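The following exercises concern helix packing and empty space in a protein model. Please work through each task with the sequence and structure at hand before reading its solution.

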Amino acid sequence: MKQQLLQTNRVEINTESFGNPNDPPVLLIMGAMSSLDWWDEKFCERLAAAGRYVIRYDHRDLGQSVVYEPGTSNYTITDLADDAFGILDAYSIEKVNIMGMSLGGMIGQIMAIKHPERVLSLTILASSVFGSEQAELPQMDQKILDFHGKSASVDWNDREEAVAYLADGWAVLSGSKPFEKKRMYALAEREYTRAKQIQSRFNYIFLGGGEEYFDRMNEITVPTIILHGTEDRALPFEHGQALARAIPHAELVTLEGTGHELHTEDWDIIIDSIVRNRFIGE
């Protein structure tokens, strides 16, 4: 693993890379309020071993990237897409395969519409359509909203309490596959340790923008695979089905019993999807 702290798009973005730079590149884009840590290091190593040059990174307000005052709004989803393009420029990558989870999948959609010449393929996990149809689909489980409603009472200076909150947040999102408590606590520990300002993660509550890309998924022409869990309570399975309908020729891969998560039992399916989902001229 190699870390690089980049100055791009007028901000500082932290990145980590795995594998051989001469292999086809894959940019891993995580969801809202989630640092690069949630792309497990072992997952990245396995993807690199499958012949891919892997880059993961911290979004703004997360990990070692630029942070803003908690409770403020300083960027849009379009800015986050531009951050991703800036990472590609810094790594001298002309074209990339994108793997996006949740919000990361929506950022990937914007990238494929804004600069299709730079996107080789889209692999999207636990995400949704970017546009008006999303409001018509089943909404987030109230238990998730109730859990995050307790965040204001967390003592973020208490390491044990904060790590428990971060890890247990994934328990609320999990499906019927066994919750990997030890693994999630270890990842939460790493996220807390690396974070410049852990409470800035909640600035994603105010994230907006991107209206100029609403309902334009039919313009996406790159090979696309949609992976979605049947027990996703944040973005229920219907969101994955809608996305597969909206993007021409997209393939839907069903993850039985999976919630809104990157479960180790699904790693083989996910990595296989990324590797086989390729532009013919790659």
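The exercises below treat a predicted model, beginning with helix pairs and ending with pockets and cavities.

**Exercise 1. Determine how α5 and α6 are oriented to each other, and identify the residues through which they touch.**

Solution. Step one is to locate the helices: α5 covers residues 159–173 and α6 covers residues 181–194. Step two is the geometry of their axes, which come within 8 Å and cross at roughly 125°. An angle of this value lies outside the 65 to 115 degrees of a roughly perpendicular pair and is not over 145, so α5 is oblique to α6. The hand of the α5 and α6 crossing is right-handed. Step three is the contact itself. From α5, the contributors are R159, A162, V163, A164, L166, A167, D168 and W170; from α6, they are M184, Y185, A188, E189, E191, Y192 and T193. Sorted by class, the contact of α5 with α6 holds ten nonpolar, one polar and four charged residues.

**Exercise 2. Classify the packing of α2 against α3 and describe the make-up of their contact.**

Solution. Begin with the extents, residues 77–90 for α2 and residues 103–114 for α3. The two axes come within 9 Å, with a crossing angle of roughly 70°. Since this falls in the range 65 to 115, α2 is roughly perpendicular to α3. Next, list the residues in contact: α2 offers I77, T78, L80, A81, D82, A84, F85 and L88, while α3 offers L103, M106, I107, I110, M111 and K114. Finally, sort them: the contact of α2 with α3 has eleven nonpolar, one polar and two charged residues.

**Exercise 3. Repeat the analysis for α1 (residues 41–49) and α8 (residues 267–276).**

Solution. The axes of α1 and α8 come within 10 Å and cross at roughly 40°. Because angles under 35 degrees count as roughly parallel and this one does not qualify, α1 is oblique to α8. The crossing of α1 with α8 is right-handed. On the α1 side stand K42, F43, R46 and L47, which meet W267, D268, I270, I271, I274 and V275 of α8. This contact of α1 with α8 comprises seven nonpolar, no polar and three charged residues.

**Exercise 4. State the volume of the largest pocket, and find which helix gives the most to its lining.**

Solution. The volume of the largest pocket is about 1,100 Å³. Its lining consists of 39 residues, with A32, M33, S102, L103 and M140 nearest the centre. Turning to the helices, α3, α4 (142–148) and α5 each supply at least two lining residues. The most comes from α5, with five residues. By class, the lining of the largest pocket contains 24 nonpolar, 13 polar and two charged residues.

**Exercise 5. Establish how many cavities of 30 Å³ or more there are, and characterise the lining of the largest one.**

Solution. The count is three cavities of 30 Å³ or more. The largest cavity encloses about 70 Å³. Around the largest cavity lie W170, F179, E180, R183, M184, E261, L262 and H263. These lining residues fall into four nonpolar, one polar and three charged. To link this with Exercise 1, note that W170 and M184 line the largest cavity and also take part in the contact of α5 with α6.

Technical notes
Residues numbered from 1 in each chain as written. Predicted model: local features only at pLDDT ≥ 70, side-chain atom pairs only at ≥ 80, totals over all residues. Heavy atoms only, no water. 1 Å grid on protein atoms, 1.4 Å probe; cavity = no way out; pocket = protein on both sides within 12 Å on 5 of 7 lines; lining within 4 Å. Points joined across faces, edges and corners; volume = space filled by probe spheres on them. Nonpolar A, V, L, I, M, F, W, Y, C, P; charged D, E, K, R; others polar. Axes fitted to C-alpha atoms, helices over the stretch in contact; angles between N-to-C directions. Helix = DSSP H or I, 4+ residues; strand = E, 2+ residues; numbered from the N terminus. Left-handed = near helix turned anticlockwise from the far one by under 90°. Contact = heavy atoms within 4.5 Å.
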